[in-house]
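Reader: I have the sequence and the structure open side by side, and I would like to go through the strands and helices with you. Could you take me through them slowly?

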Amino acid sequence: MPSRDATTHWVGGLQNGKGEVTLDSSNAGSFAVSFPTRAGNPDGQTSPEELIAAAHSSCLAMNLSGVLEAAKITADSIDVSAEVTLGPAAGGGFEISGIAITLRATVPGVTAEQFAEYAETAEKTCPVSKALAGTTITLDAALN
């Protein structure tokens, strides 16, 4: 499997500095980042937490699709949102204090109980969930 990469160029200190993160592998774009927008109003800039949320939601959507496919089921649609929270860390600094996943799907012929099992399996086996295992991840999964 291939690796993917991104780079960030930063100028200045934490509070007054600014940076730009570039998605190198895909060449999908460059995005402005700064600490004031990370810790406050995004003001059109992204943050590490938003990028983690994008990675987690897209990974889980793909992984659920694979879990369902292994059971010979295809969803009509899967929608996943991930809310990544930045908070103060014990001892100083900051930490990602939690990730709240909301998963909704339309899956013909599957009961709510079956879907809950598929969603739980998908979350537990999602590569990004595994990478973020040190963080509290909650899952709210339901059929549409």
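Author: Before the hairpins, one term: two strands count as paired if DSSP finds at least two bridges between them. Please keep in mind that this is a predicted model.

Reader: Fine, so how many residues sit between β2 and β3 in their hairpin?
Author: There are five residues between β2 and β3, and in that turn asparagine 27 has a positive phi of about 55°. The two strands run antiparallel and are joined by five bridges, with threonine 22 standing opposite serine 30 in β3.

Reader: And what does β2 do with β1?
Author: Strand β1, residues 6-11, pairs with β2, residues 18-23, in the antiparallel sense over six bridges. Alanine 6 stands opposite leucine 23 in β2, and the hairpin has six residues between the strands, with glycine 12 taking a positive phi near 95°.

Reader: Changing topic, what is the strand order in the open sheet of three strands?
Author: The order is β4-β5-β6, with mixed pairing; β4 (77-88) and β6 (137-143) are the edge strands, each pairing on one side only. From one strand to the next, the twist averages 10°.

Reader: How many bridges join β4 to β5?
Author: β4 and β5 run antiparallel and are joined by 12 bridges, and valine 84 stands opposite isoleucine 99 in β5.

Reader: Which strands does helix α2 touch?
Author: Helix α2, residues 48-70, packs on the sheet and touches β4, β5 and β6, its direction making about 145° with that of β4. Helix α3, residues 112-125, lies across β5 and β6 and runs at about 145° to β6.

Conventions. Residues numbered from 1 in each chain as written. Predicted model: local features only at pLDDT ≥ 70, side-chain atom pairs only at ≥ 80, totals over all residues. Heavy atoms only, no water. Helix = DSSP H or I, 4+ residues; strand = E, 2+ residues; numbered from the N terminus. Axes fitted to C-alpha atoms, helices over the stretch in contact; angles between N-to-C directions. Contact = heavy atoms within 4.5 Å.
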